[in-house]
Amino acid sequence: MAIEDDVLVIGGGLAGVTAALAAADEGTQVRLVTYKQSTLRHASGLIDVLGYTPDGEGPIVDPFDELEELPEGHPYERVGVDAVRDALEFFDDVVGDAYAGGHTDDNALVPTHGGTVKPTARYPSATAAGVASAPEDTLLVGFETLPDFEAPLAAAHLEAAGAPFEARGVTITFPGIKRDDAKVTRYAHLLDWDESVDGTTGARDALAAAVSDHLEDESRVGFPAVLGDDHPEEVRADLEDALGVEVFEVPMGPPSLPGMRLEDVLYSALEEKGVRVTSGVPVVDYETNGDPGRIDQVIVDRNGADVPHHADQYILATGGLVGKGVSSEREGVFEPLFDCYVPHAADRYDWFVDDVFGDQPYARFGVVPDTELRPLDEDDEPEFSNLRAVGGVLGGYDYAAEKSGGGVSLSTGYVAGKRAAKQVGE
Amino acid sequence: MTRDTEVLVLGGGSTGCGIARDLAMRGVDVTLVERGNLTGGTTGRMHGLLHSGGRYAVSDQASATECIEENKILRDIAGHCVEMTGGLFVQRPEDSDEYFQEKLEGCRECGIPAEVLSARESREVEPYLATDIKRSIKVPDGAIDPFRLCVANAIDAQNHGARIETHAKVIDLLRDGDDIYGVKVKHDSGPGKRTHNTAGSTEEITAEYVVNATGAWAGQIGAMADLDVEVRPSKGVMTIMNVRQVDTVVNRCRPKGDADIIVPHETTAILGTTDEEVEDPDDYPEEQWEVDHMIDTLKELVPILEEARTIRSFWGVRPLYEPPGTGTTDPTDITRDFFLLDHDDRDGVDGMASIVGGKFTTYRAMAEDITDHVCEKLGVDARCVTAEEPLPGSEDMSILNEGMDNFGLRSPVARRSKQRLGSRAQDVLDTNECNPVICQCEGVTRAEIRDAIDQSGSDLNAVRIRTRASMGNCQGGFCCHNMANELSHEYDEETVRAALDELFQERWKGERHALWGEQLSQAMLNYALHATTMNRDNDPANGSKAVDFGAFDGGRVKARTDGGE
C-alpha cells in the first residue's frame, strides 16, 4: 500500500526544507524525501538575496530596490516582491539567533575565504562581527595546516577591495592538530569539546593564547569557519572572553561547517513541525491515474524495492546541475524525474561562453515555472496540475553571478509550500 | 665580436630543451628562449604516448626502429616520467587480416617485441575491450609525462650552465647581411622568472649560432629574416577521460585513421586524435565533431567510453614538414621524420638552422643530431652523453621501492608524489614544515607546489605542468585557489590574484569541450564555488569603481554571542 501524505517534497536542500516547513505551517501532512547529502555543505551558509542585477550591476545595497526590475520569468518575478519579504521573515523565525541581518533590508558585505567581500542578506551570527561594511580594524588568523584560507593574503585582498579598516593576517599553528591533512570537522570538534591539547590546557584557551601574542589594537579577530560544529556559540564566547575582542568566522568552501550547521537547524525545524523525513532514498519514477496532467504517485527506490508514495500535491526541489535535479547528455539537457521541459540550445557549444565568468547559458538551465511555480511544457502549459518546482531546479537565473541562490530557494520554497498546502483537497 | 651566448635555442618544447641539455652537457654555452611556459606549444599538447614504434612498423620502418631504440633509452634516463603500460594493436572483425600480418612482421623487422594475443587473452589484459574484437598484437608502448620530461631536460641544461628564459617572445631575428647573429625578445616580466604585473623589457641576445626549434611556429620565426620554412601545422584533438578505462595503450590495428588510440595517463585516459592541416598554429577552430568523433569511434574498441565522463579536451598542432615539391595533400601522409634546415646551405644565410617535423618519442635522438651539426659549425669536439646520463629525478629510482620513507604523508599521496618527483623526492618532501595536501585529486602537497614555484615564478600554469595540481576531475575547482595561496609567501596580493585568474581561465578552456553529464555538473559547482562563495566574478578589488562600504549593513551593534543588540 502506498505511503500517504498531503504534500510530498522531493529534495532536502534549502528550497525543499523551506517548502516543507511552509506547507506544514498550514496544517497539512508533509513528507520530505531526500536522496543524497544536500548541497548545503558545499555552500558558505550565507543567504544571498540579490547582490548583482542580471546585467552585472552592483554590489546592490538594497535588493528590494532591484527586485521589481527583474525580467519576466526570473523566479523572483514569478513569486513577486512581497513573497520574498515574507519568505525572509519566515526564515528568520525558523533560524532564530543562528542568523543575523534581518534588522535591515540592506545587504552586508561579508569577507569570505577568497579574501574579497560579497554582498549577502543574511549571515550566520558567527559571521556577524566580521562584516566588512563595519569600519573596525581586523586581525585575520589562518592555520598553517589549513591551506584553504591564507590570512595575510586575505587581509591584503580586503584592503585591495577597499574595505574601510586596517586588516592584518597571521598564520599560526592550531593547537592540538596533529595531522597536516586534518579535516575541518577535526578542528571544530577539538573546540566543541574543549579537548585538552597538552594534558592540561583546553583547545579554546590554547587557541586564544596562540592568537593573543599577535593581537595588536584590532577590535575583532576572524578565523576560518571551524569554530565548533555542535557548540559554536560557546566556543566563540570563550574565545571572545579570553581575547577581549569580538570573534567571527570567515565562510569557507566545502566542506562548509556553516552550511552543515544551517542544515542541522533546518532539520530540527522539520522535526518540530512534524514533517516526515525519509532520507537516503531516490525517487525513481512517477505514475498518473487517468489524468495524464496530474501526478498520482511517485515511486521511491528503497534498497531496491519500489515503494509508492502518494500525495495530493508534489514539490520538486531536486536542485540544479550540481544537485542533479537538472541532467544532461551530449545531445541535450533534461529534468530527469518528471521530464519537465528545460529550454536549451540544440548545439551544446552554445551552452557556454569562452570567458569563465562570462554570461554562461548553462548557469540558467532549469525548468520554466508559471506564477504558481508549476513547471511549464514547451507550449507554456503546466506539465502537471499538482507539481511545483522550487530553488535550483528552476531556470532563467544565474544564482552564482547574481548572488541570489539563497533568496530564490527561500522565496520559491515558501510560496510553493503555502500554495500546495492551500490546494490540498481542492 | 663577442656574443652573449654561443648558441641560442628558440623554443622550450621537447626539441628545444633536448638540444639545450645536449649542448650544455657538451660544454657549450647555451641560452634558450620560449615565448610562454615550457611545453607551451606542441609538447604539452600531445597524448603522452611513449611509442614502441609499432605505429610506424608498416608505413615508416626507419621511424619505427628509431622509436624502439629511444623508447628503451627513455626508460633508463627518464624512468620517473615513464609508465611502461604496454600496448595493444587491436583488430576488429572489419579490420584487414593482411594489415594485421604486415604490422606483426613490421614490428619484428624493426626489433619491436611483438606477440599475438587471442581475443580472450586481449580481454584478460584489458577487460573493457569490446567483446567482438578479433585479436591483438602486444607491443612495449608506454605512457610518458611530456611536462615532467621537458622540464627535467631544462633543469639539467641549467645545471650544466644554460640560461633558460620562459615568457620571452622572439620579436625579431637580428640579421646583418647574410648572417643571423641573435634575436630580440620581449620579456613578459623580468628577465628571469615570471612575475605577474611586473613590467617586462626587451632584450637583444646575440649568439654564434641560432637554432630555431619552434616547431609549428618555425615558419613565423623564419619569416622574420625573410626565410621560407614550409612547416605545415596539423591539428589533432585529444579528449581526457576522468579515469583510466584502460591500463594499456590501446591502438586500432588499421592502416591509418582518426580516433585510433587510447593512452592511460596518470589518473586519466587520453583519446586521440585527428589530423587536419591548419593555417595558423595559434588560431584554428576547436570543434565539437572532433570530440564526438573520438568517443563515437573509440567506443568500437572500448564500449564503456560511450557513457564515461570526459573532463576536458585539448588540441595540439603537429609541426609537419615536407621538402618543397613533394606535394602531399593529406596531412596523414606527410612523413613524421624530422628535417634539419641549414639556412646557410639552403638559403645562403649563415648562423641559423631550423628544425621541423619529428615526434616526441625521438626528441633526444633529434636533439643529438642537431647538436652534432651545431658543434661541427662551432668547431666543438665533444661526445653526446644524453643517452647515458639520467635526467634529474631519475638518478636513483630506488626511492619508488616499497618500504621507503613516506615523509609523513598518507600512503596514496606519498606514492604519487614520489612517482612524480623520482629521486628528487627526498629533497622536496623531506621538510620540517607542515605539509598539507593542496590538490586532492592528484595528491599534490604544499612542498611540491612550493618547489615548483621556486622553479617557475608566479605562473601557476607552470606549477600545474610540474605537479599535475588542478589537472584531476575537479579541473581545479577545489584547488586553484589553494595553489594561488601558496604564491603569497613570495608574491603580493595583486600578483596572486592575476595568477589565479589566469590558471582558472586556462582550466576552463579545455573543460568547455566536456560540458555534458557529470562534467557539466562539475563546471557549475566550480563556477558556484568561485563566483557565489568567493565573488571572484565581481571582486571589488578588480573593479574600476570604488564600493561605498558605509552604505551597506554594518551588522548589529555589538553582535556578540550573547545576542545583545
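**Exercise 1. Aromatic pairs**

Task: State how many aromatic pairs the search of the whole structure finds over all chains, and classify the pair formed by Tyr286(A) and Phe338(A).

Solution. The structure is a predicted model. Step one is the count: over all chains, the search finds 18 aromatic pairs. Step two takes the geometry of one pair: the ring centres of Tyr286(A) and Phe338(A) are 5.1 Å apart, and the ring planes stand at 50°. Step three applies the cut-offs: centres within 6.5 Å make a pair, planes under 30 degrees apart count as stacked, and planes over 60 count as edge-to-face. At 50° the pair of Tyr286(A) and Phe338(A) is therefore tilted. Step four places the two residues. Tyr286(A) belongs to strand β12 (residues 283-289) of chain A, while Phe338(A) sits in the loop between β16 (332-334) and β17 (387-389) of chain A, so the pair ties together parts 52 residues apart in sequence.

**Exercise 2. Backbone features of chain A**

Task: Find which peptide bond is cis with omega near 5°, which cis bond has omega of about -10°, and which residue other than glycine has phi near 75°.

Solution. The bond from Gly58(A) to Pro59(A) is cis, with omega near 5°. Pro59(A) is found in the loop between β2 (30-34) and α2 (63-67) of chain A. The cis bond with omega of about -10° joins Pro254(A) and Pro255(A). Pro255(A) is located in the loop between β10 (246-250) and α10 of chain A. The residue with positive phi, near 75°, is Lys324(A), and the loop between β14 (305-316) and β15 (327-329) of chain A holds Lys324(A).

**Exercise 3. The two domains of chain A**

Task: Describe the contact between domain 1 of chain A and domain 2 of chain A.

Solution. Start with the bounds: in chain A, domain 1 is assigned to 3-98 + 260-423 and domain 2 to 113-250. Their C-alpha centres are 33 Å apart. On the domain 1 side 16 residues take part in the contact, and on the domain 2 side 14 residues. About 1,300 Å² is buried between domain 1 and domain 2 of chain A, with 52% on carbon and sulfur atoms.

Next come the polar terms. Between these domains of chain A there are three salt bridges and ten residue pairs in polar contact. Two elements, α4 (81-95) and α10 (257-272) of chain A, give two or more residues to the domain 1 side. The largest share, three residues, is from α4(A). By class, the domain 1 side holds eight nonpolar, two polar and six charged residues. One salt bridge to locate in chain A links the side chains of Asp92(A) and Arg122(A), at 2.8 Å from N to O.

**Exercise 4. Domains 2 and 3 of chain B**

Task: Determine which three residues supply 49% of the area that domain 2 of chain B buries against domain 3 of chain B, and describe the contact around them.

Solution. The assignment for chain B gives domain 2 as 82-142 + 232-319 and domain 3 as 431-538. The C-alpha centres of these two domains of chain B are 30 Å apart. The contact involves 14 residues of domain 2 and 18 residues of domain 3 of chain B. The buried area is about 1,300 Å², with carbon and sulfur atoms giving 42%. The three residues sought are Arg309(B), Ile311(B) and Arg312(B). Five salt bridges join domain 2 and domain 3 of chain B; the side chains of Glu266(B) and Arg468(B) form a salt bridge at 3.7 Å, N to O.

**Exercise 5. Chain B against chain A**

Task: Describe the interface of chain B and chain A, and identify the element that gives the largest share of the chain B side.

Solution. Contact is made by 69 residues from chain B and 82 residues from chain A. The two chains bury about 6,600 Å², 57% of it from carbon and sulfur atoms. Phe549(B), Phe552(B) and Asp553(B) supply 12% of the area that chain B buries, more than any other three residues. The chains share eight salt bridges and 35 residue pairs in polar contact. Elements that supply at least two residues of the chain B side include α15 (493-511) and α16 (517-533) of chain B. The element sought is α16(B), with 14 residues. The chain B side divides into 29 nonpolar, 20 polar and 20 charged residues. Lys324(A), the residue with positive phi, forms a salt bridge with Glu518(B) through their side chains, at 3.6 Å from N to O.

Notes
Residues numbered from 1 in each chain as written. Chains lettered and ligands numbered in written order. Predicted model: local features only at pLDDT ≥ 70, side-chain atom pairs only at ≥ 80, totals over all residues. Heavy atoms only, no water. Domains from an automatic or database assignment. Contact = heavy atoms within 4.5 Å. Buried area = accessible area lost by both parts, 1.4 Å probe. Salt bridge = Lys/Arg side-chain N within 4 Å of Asp/Glu carboxyl O. Polar contact = N/O pair within 3.5 Å; in protein donor to acceptor, adjacent residues only side chain to side chain. Helix = DSSP H or I, 4+ residues; strand = E, 2+ residues; numbered from the N terminus. Nonpolar A, V, L, I, M, F, W, Y, C, P; charged D, E, K, R; others polar. Phe/Tyr/Trp six-rings, centres within 6.5 Å; stacked < 30°, edge-to-face > 60°.
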